[in-house]
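This report looks at how the strands and helices of one chain are arranged. The sequence and structure come next.

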Amino acid sequence: MTVIAHLSDMHLDGSPLRRRRFHAVLAQLDELPSVDALVLSGDLADHGEPAEYADLFAALPEGLPALVVPGNHDLSAPLLASLQEHGRPASLNGVIDLRGLRLIGLDSHIDHSDEGELGPAAIEFAREQLADSPGPTVLVLHHPPVPVGHHVMDRFRLGNGEALASLIRSNENVIGVFTGHVHTALATTFARLPLVGAPGIVSTMRLGSRTDPIADPLAMPGLAIHDIEGSTVRTVFHYLSPSAL
């Protein structure tokens, strides 16, 4: 069994509060018997500033493989520079192999836009990585391709979901999709496979709300823990208690 810790939407902005929320979620990993890899599914920084990415990478546990994909608040150039500075592949798409399981991170963001799309580079990267995948494979991106019942977030889901569905249909090794973006735990199916979104760290979306703010920054941050065995994905969502902050 492979254990994946999945975090999303930390929106680091240099403030102590957001840094504390992120660090508190990372500290939960110490409570688990084992974790094989960390997945961060976008909106790493709030403004795409180099200092925000410096905070992010400084906090990541040493020695734990981490797959990082950008979200709509991230900016390509500063993120690429920070990846390189911290000794990571300078690419907005990425891959991790873990005992026969492959995690493929795909860039769905567009600089300075809330909308999401898998561009030609992401699709080509996915095809290359799927072509020689050693076994079960999970695709990771920021924008979910499905509506979630929120009048704002549903306008800014993945714009070309059919491209993602085509990647899935053309490769039997794909066993699931992990996403973020909506600041709430999400579980559904897409192209007949599990699609699971991690809770928000910076805030929790008030689904269906038509009042401002659309997110609650006082709600407890959380994460998803995925246990993967063969083609089976089991997910549990964990939320911090107020004392953890």
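β8 and strand β9 (residues 193-197) run antiparallel and are joined by five bridges. One of the residues involved is L186, whose bridge partner in β9 is G197. The model is a predicted one.

This pair belongs to an open sheet of six strands. The strand order is β4-β5-β6-β7-β9-β8, and the pairing is mixed. β4 (94-98) and β8 (186-190) each have a single partner strand, so they stand at the edges, with one side of each left without a neighbour in the sheet. From one strand to the next, the twist averages 20 degrees.

Two helices lie across strands of the sheet, as tabulated here.

| Helix | Strands it lies across | Angle |
|---|---|---|
| α4 (residues 120-131) | β4, β5 (101-105), β6 (137-140), β7 (174-179) | about 170 degrees to β5 |
| α5 (residues 161-169) | β6, β7, β8, β9 | about 70 degrees to β8 |

Next, a helix pair. How do α2 and α3 cross? The axes of helix α2 (residues 50-59) and helix α3 (residues 76-85) cross at roughly 40 degrees and come within 9 Å. Because of that angle, α2 is oblique to α3. The crossing of α2 past α3 is right-handed.

On the α2 side, P50, Y53, A54 and F57 make the contact. On the α3 side, P78, L79, S82 and L83 do so. By class, the contact of α2 with α3 has seven nonpolar residues, one polar residue and no charged residues.

Terms used:
Residues are numbered from 1 along each chain as its sequence is written. This is a predicted model: local features need pLDDT of at least 70, side-chain atom pairs count only at pLDDT 80 or more; totals for chains, interfaces and linings use all residues. Side-chain values use heavy atoms; hydrogens and water are left out. Axes are lines fitted to C-alpha atoms, for helices over the stretch in contact, and angles run from 0 to 180 degrees between N-to-C directions. Helices (H or I, at least four residues) and strands (E, at least two) are DSSP runs, numbered from the N terminus. Angles under 35 degrees count as roughly parallel, over 145 as roughly antiparallel, 65 to 115 as roughly perpendicular and the rest as oblique. A crossing is left-handed if the near helix is turned anticlockwise from the far one by less than a right angle, and right-handed if clockwise. Contact means heavy atoms within 4.5 Å. Ala, Val, Leu, Ile, Met, Phe, Trp, Tyr, Cys and Pro count as nonpolar, Asp, Glu, Lys and Arg as charged, and the others, Gly among them, as polar. Two strands pair if DSSP finds at least two bridges between them.
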